[in-house]
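Me: Please take a close look at a single part of this protein, and set that part in the context of the whole chain. I would like one connected account rather than a list.

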Amino acid sequence: MELRLEVVQVPVSDVDRAKAFYTDQLGFVLDHDVEHIPGMRVVQLTPPGSAASIVIGTGMNGMVPGSLEGLQLVVPDMAGARSELVGRGAPISEAQDLGGFMFAHFSDPDGNRWVIQEIPPKGPSD
């Protein structure tokens, strides 16, 4: 059996504002923006290099906008990723070393809280 987590819903109050934040400030790729049925808009976005996507929209769930927290984006180079994101206008915190791993945080316009974690690539001897 194979089970892959590939899509996570993120509750937002303003789909267009959230879509602009995730694409313009975070560089997520817009996979699609469709209204399957009246009142159900589905916007799927994928972080660069990720196998998993997020979905924002209307008419899909009862989660309170801004109630999601703790999703992690993993990067091989915190300084480089943070510099690029800050350059795009993303509200990324300073990076912190928490026991040998670097972490930074940000929130989307609704207050959904995300974590960026640095996991450097392993060498051949690791």
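Reply: What follows looks at the helix H1, its surroundings and one of the residues that touches it.

The model is a predicted one, and its secondary structure comes to two helices and eight strands, which run β-α-β-β-β-β-α-β-β-β from the N terminus on. The C-alpha atoms fill a box of roughly 55 × 40 × 20 Å along the principal axes, and buried residues make up 33% of the 126 residues. Of the contacts with a separation of 6 or more, 53% are accounted for by residues 24 or more positions apart.

Within this frame, helix H1 covers residues 15-25, and its buried residues are Val 15, Ala 18, Phe 21, Tyr 22 and Thr 23. An α-helix has 3.6 residues a turn, so residues three or four places apart point the same way. The buried residues of H1 pack against five elements that the chain supplies later on, namely strand E2 (29-37), strand E3 (40-46), strand E4 (53-58), strand E7 (102-107) and strand E8 (113-118).

Both ends of the helix can be described as well. At the start of H1, a side-chain oxygen of Asp 14 reaches to within 3.2 Å of the backbone nitrogen of Asp 16, while after the helix comes Gly 27, with a positive phi near 80°.

One of the strands that H1 packs against, E4, contains Gly 57. This glycine counts as buried because its relative accessibility is 16%, where the cut-off for buried is under 20%. Leaving aside residues up to four places away in sequence, Gly 57 touches Val 15 and Arg 41, and Val 15 is itself among the buried residues of H1. By contrast with these contacts, the C-alpha atom of Gly 57 is separated by 17 Å from that of Glu 6, which is 51 residues away along the chain.

The outside of the protein gives a counterpart to this buried region. The accessible surface comes to about 7,500 Å², and 54% of it belongs to carbon and sulfur atoms. On that surface, Val 74, Phe 101 and Ile 119 form a nonpolar patch with about 250 Å² of accessible area together. Val 74 has its place in strand E5, residues 69-75, and counts as exposed because its relative accessibility is 52%, the cut-off for exposed being over 50%.

Methods: Residues are numbered from 1 along each chain as its sequence is written. This is a predicted model: local features need pLDDT of at least 70, side-chain atom pairs count only at pLDDT 80 or more; totals for chains, interfaces and linings use all residues. Side-chain values use heavy atoms; hydrogens and water are left out. Patches are made of residues with over 30% relative accessible area and no salt bridge: like charges are joined within 9 Å, nonpolar side chains (Val, Leu, Ile, Met, Phe, Trp, Tyr) within 5 Å. Accessible areas come from the Shrake-Rupley method with a 1.4 Å probe; for residues, only the protein chains shown count as cover. A salt bridge is a side-chain nitrogen of Lys or Arg within 4 Å of a carboxyl oxygen of Asp or Glu. Helices (H or I, at least four residues) and strands (E, at least two) are DSSP runs, numbered from the N terminus. Buried means under 20% relative accessible area, exposed over 50%, partly exposed in between (1.4 Å probe, protein chains only). Contact means heavy atoms within 4.5 Å. A polar contact is a pair of N or O atoms within 3.5 Å; within protein, one must be able to donate a hydrogen and the other to accept it, and residues adjacent in sequence count only if both atoms are side-chain atoms.
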